[in-house]
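Let's take a walk through a structure together, one step at a time. Keep the picture open beside the text as you read.

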Amino acid sequence: MSEILIEERKIVVPGEVLAIGLDYVPGENTYREEDKIFSKVLGLAAVSGRVIKITSLAGPYMPTVGDKIIGRITDIAFSGWRVDTNTAYSAMLNVKDATTRFIKKEEDLSKILAIDDYIIVDIINVTSQRLIDVSMRELGLKKIQGGRIIEINSQKVPRVIGKKASMITLIKEKTGCEITVGQNGLIWILGSPEGEAAAERAIKMIEEKSHLSGLTEQVEAFLRGGR
Amino acid sequence: MVYKQRLDGRKGDELRPMEAKTKVIPNAQGSASFKIGKTWAIAAVYGPREIYPKFLANPKRGILRCYYNMMPFSGSGERIRPGSNRRSQEIAMVMTKALEPVVDLSQYPNSVVDVFVELPQTDAGTRCAAISAAAMALADAGIPMKDLVSSVAVGMADDKIIADLTYKEEHIYEFNPESLNAVVSDIPLAMIHNTKELTLLQMDGEITKEDLLKALELGQKAIEKVYAVQVKALKENFIEESK
């Protein structure tokens, strides 16, 4: 006989018992010990069928292949650049992944990307030791020029983007800004000074209230009232 | 002479009033403040981040690194020499060992999670307050943890087993003229909530085996009270706002 001890969207702390019995399966951020399932993080519980998982409310970004992130050049090596990814691990951007144009052997790499330049990149490879390779060869990946970069908790990124990008589209429309959200929590906003400030405030508001529902309406009201 | 009534009028198993809060330091990934009586600990967690010096890196898992610091004005008012010393280094080490069993950094090789604990005000039980605050700050930072660790001290002052000693009780022979030859012991404990495993067990002073067992039993109950305060503080931030 299995018993579930939590409700949907209830806040749990690490070590809290979520369910007793073998009928339930431990999902993301949970673990099983004997017949009990425990939470591993502070977060919101979610039950889908037999799987219990916890949506973390904070926590570090885990580099994943295919993610679009915003990084900063920290060093220039022989055949590429070292990129700070806003995590414990830096990434490597190889020359051949940086541009489609032919680069001569003796060319000065700092002319293409200098130290402290911000870039939008895709993660193309992550090893078990978290060595990361990134690429700039896809559409929309480029060096960042102008605008501002803000940082939010990476766990809140899905909320900022919204379902089918609804939230981010709303902010873009209302503020007239171009916004790029990196999965690592860095966000690039480019637009008029007022628009940028409004977008930044809206995003910070989403970060603060991410665990609440009905956020899109709140953000809409906020952006309408702000101008 | 038996210690009939505690100096601050508490019952033997009663803890000092506790107050806990998370998200007290916006710059940190996670933070917490934990007050028990006059003792006050503030913990801030940074990371996982790149580890320096590099030779400390462990390619199998991330490491946990604690810092403990009493502020210069934190004690009785006598200025303490600031900075690290033998005592604070030892306490930082026992804190790390108390927290390590629950923190799961297997997904973050070669990185470090730094826990900084500052004590603006102290009145005994600082390592316990520091561990309780650090556990909350780690949970607040979203670091994967098997469980929470709660900590409190128990001990004996003049033949009586009591929980959560103050500085005056640890030095009862100085403050109570009737207890000049009192036997005093101070036993800081830290426990993992679910498994009831002790991750910190130290002792100052003397105690008999029978009394130690009784003290540990009392400690377990006292730690449950600390745990309740920790859980409430962690959840509070989110529940209040949703109303």
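Start with the overall size of chain B: for 243 residues, a compact globule would be expected to have a radius of gyration near 18 Å, and chain B has 18 Å, so the two agree. Keep in mind that what you see is a predicted model. If you lay the C-alpha trace of chain B along its principal axes, it spans about 55 × 45 × 35 Å.

What is chain B built from? Its secondary structure comes to 5 helices and 10 strands. Of its 243 residues, 52% are buried. You can also ask how the chain folds back on itself. Take the contacts in chain B between residues at least 6 apart in sequence: 72% of them join residues at least 24 apart.

Now turn to chain A. Here you will find 5 helices and 16 strands. The C-alpha trace of chain A spans about 70 × 50 × 25 Å along its principal axes. Chain A has 227 residues, and buried ones make up 37% of them. For contacts in chain A with a separation of 6 or more, residues 24 or more positions apart account for 53%.

Next, let's see where the chains meet. How many residues does each chain bring to the contact? Chain B gives 32 residues and chain A gives 20 residues. On the side of chain B that touches chain A, the elements giving two or more residues are β3 (39-50), α2 (126-140) and α5 (209-242) of chain B. The largest share of that side, 7 residues, comes from α5(B). Sorted by character, the residues on this side of chain B divide into 14 nonpolar, 10 polar and 8 charged.

Finally, zoom in on a single residue, M203(B). Where does it sit? Look in the loop between β9 (198-201) and β10 (204-205) of chain B, and you will find M203(B) there. To judge how covered it is, count neighbours: a residue is buried with 20 or more other C-beta atoms within 10 Å, and exposed with 12 or fewer. M203(B) counts as partly exposed because it has 15 C-beta neighbours inside 10 Å.

Which residues does M203(B) touch, leaving aside those up to four places away in sequence? They are S185(B), D186(B) and I187(B). As one last distance to find in the picture, the C-alpha atoms of M203(B) and E169(B) are separated by 15 Å, and these two residues are 34 residues apart along the chain.

Terms used:
Residues are numbered from 1 along each chain as its sequence is written. Chains are lettered from A and ligands numbered from 1 in the order in which they are written. This is a predicted model: local features need pLDDT of at least 70, side-chain atom pairs count only at pLDDT 80 or more; totals for chains, interfaces and linings use all residues. Helices (H or I, at least four residues) and strands (E, at least two) are DSSP runs, numbered from the N terminus. The radius of gyration is taken over C-alpha atoms; the globule rule is 2.2 Å times the number of residues to the power 0.38. Two residues are in contact if their C-beta atoms, placed from the backbone, lie within 7 Å. Ala, Val, Leu, Ile, Met, Phe, Trp, Tyr, Cys and Pro count as nonpolar, Asp, Glu, Lys and Arg as charged, and the others, Gly among them, as polar.
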